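Open the model in your viewer and keep the selection panel handy. We will go from the whole chain to single residues, one selection at a time.

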Amino acid sequence: PTAQDRVNVARLVIYLRRMFNQLARPYVFEPNDTVTRNEIKQAADSLLYLVTETVATGRRKHLTEKTFKPIKNGQMFVIAGTTGSLAALKQLGYRTFDTVIDTSYDSETDNTLRWLALRKTIQQLQNNLPDIYQQCQADIEFNQKLFCANKAARLNSLHQKLINAHS
C-alpha cells in the first residue's frame with residue numbers, strides 16, 4: 001500500500017462524515033429510540049425518495065408531512081401528487097432539482113399523463129442516480145437548512161409567546 005491508497009480512504013471517510021452529519025442534523029433533539037433510529041437508517045439507505053402524496057388527483061395543491069420528510073432527511077425527491085406540487089414547494093422557497101432532472105411532470109394536468117411522465121423521470125434517474133444525486137447536493141442541503149430554519153423560527157416564536165403570556 002502506498003500513501004496514495006490512504007488518501008482515497010481518507011477522502012471517503014471525510015465524505016461519509018459530512019453526509020452523515022447532514023443526514024442526522026434534524027434528529028439532534030429527537031428521542032434516541034427505535035423510531036428515530038429507523039428513520040435515520042431509512043434515509044441513509046436511499047438516494048431518491050418517491051413521495052406518494054395522500055391526494056394525487058384533482059386541482060387542489062396538497063402537501064403533507066410526506067413531502068417534507070425527504071426534505072428534513074436531506075434527500076432528493078420526486079412527488080407523485082397533484083398538478084403543481086413542485087410549484088407549490090418553489091413558492092415556499094424550496095428547490096426542486098429542476099436544473100438537473102426533468103420535473104415537467106409536475107405541470108401535466110392529465111392525471112394519467114402526469115404519472116407516465118413521472119415514471120419516465122424516475123427511469124431516467126435510475127441510469128445515473130449517484131452522479132445526479134451529487135449534482136443535486138447543493139439543493140438538497142439548501143432545502144434541509146430552509147426546513148430547519150423555518151422550524152426554529154416557529155419554535156422561537158412560540159417560546160416568546162409563552163414567555164409573554166406568563167409575564
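Here is a tour of the structure, stop by stop.

**The whole chain**

Start with a cartoon view, and keep in mind that this is a predicted model. The protein chain contains seven helices and two strands, and along the sequence these run α-α-β-α-β-α-α-α-α. Of its 167 residues, 35% are buried. If you turn on the surface, you are looking at about 10,600 Å² of exposed area, with carbon and sulfur atoms supplying 57%. Contacts reach well along the sequence: taking pairs at least 6 apart, 65% join residues at least 24 apart.

**The two strands**

Now select 48-52 and 76-80. These are β1 and β2, and they pair in the parallel sense over five bridges. For two landmarks, pick leucine 48, which stands opposite methionine 76 in β2, and then tyrosine 49, whose bridge partner in β2 is phenylalanine 77. To get from β1 to β2, the chain passes through helix α3, residues 65-72, in a right-handed β-α-β crossover.

Is β2 enclosed or open to the outside? Show its side chains: five of its five residues are buried, so the strand is largely enclosed by the rest of the structure. In a regular strand, side chains alternate between the two faces of the sheet. Here Met76, Val78 and Ala80 point one way, while Phe77 and Ile79 point the other way, and all of them are buried.

**Over the crossover helix**

Add α3 to the view. Its buried residues are Thr67, Phe68, Pro70, Ile71 and Lys72. Just past the end of α3, click on glycine 74, which takes a positive phi of about 70 degrees.

Then step back to glutamate 53, in the loop between β1 and α3. Why does this residue count as buried? Its relative accessibility is 6%, and the cut-off for buried is under 20%. Display what surrounds it: beyond its neighbours within four places in sequence, glutamate 53 is in contact with His62, Leu63, Thr64, Lys66, Thr67, Ile79, Ala80 and Gly81. Try the distance tool too: from the C-alpha of glutamate 53 to that of threonine 64, eleven residues along the chain, you should read 7.1 Å.

**The nonpolar core**

In soluble globular proteins, nonpolar side chains tend to be buried together. The largest nonpolar core in this model has 23 residues. Select Ile71, Met76, Phe77, Leu89, Tyr94 and Phe97, the members with the most contacts inside it. At least two core residues come from each of α3, β2, α4, α5, α6 (129-135) and α7 (137-165). Which element gives the largest share of this core? That is β2, with five residues.

Centre next on leucine 89. Setting aside residues up to four places away in sequence, leucine 89 touches Leu63, Thr67, Phe68, Ile71, Phe77, Ile79, Tyr94 and Thr96.

**The loop between α4 and α5**

From there, follow the chain into the loop between α4 (85-91) and α5 (111-126), where phenylalanine 97 lies. Its phi is near 65 degrees, a positive value in a residue other than glycine. Phenylalanine 97 is also buried, at a relative accessible area of 1%, and is one of the core residues you selected a moment ago.

Threonine 96 sits in this loop as well. At 3% relative accessibility, threonine 96 counts as buried. Leaving aside its neighbours within four places in sequence, you can light up its contacts: Leu86, Leu89, Lys90 and Thr103.

**Two cysteines to finish**

For the last stop, select cysteine 136 and cysteine 148. Which of the two is buried, and which is partly exposed? Cysteine 136 is buried, with a relative accessible area of 0%, whereas cysteine 148 is partly exposed, at 23%. How many disulfides does a search of the whole structure find? The search finds zero.

Methods
Residues numbered from 1 in each chain as written. Predicted model: local features only at pLDDT ≥ 70, side-chain atom pairs only at ≥ 80, totals over all residues. Heavy atoms only, no water. Disulfide = S-S within 2.5 Å. Buried < 20%, exposed > 50% of the residue type's maximum accessible area, 1.4 Å probe, protein only. Helix = DSSP H or I, 4+ residues; strand = E, 2+ residues; numbered from the N terminus. Pairing = 2+ DSSP bridges. Right-handed = clockwise from strand over helix to strand, strands pointing away. Core = buried A, V, L, I, M, F, W, Y, C linked by side-chain atoms within 4.5 Å. Contact = heavy atoms within 4.5 Å. Areas by Shrake-Rupley, 256 points an atom, 1.4 Å probe, with all protein chains shown as cover.
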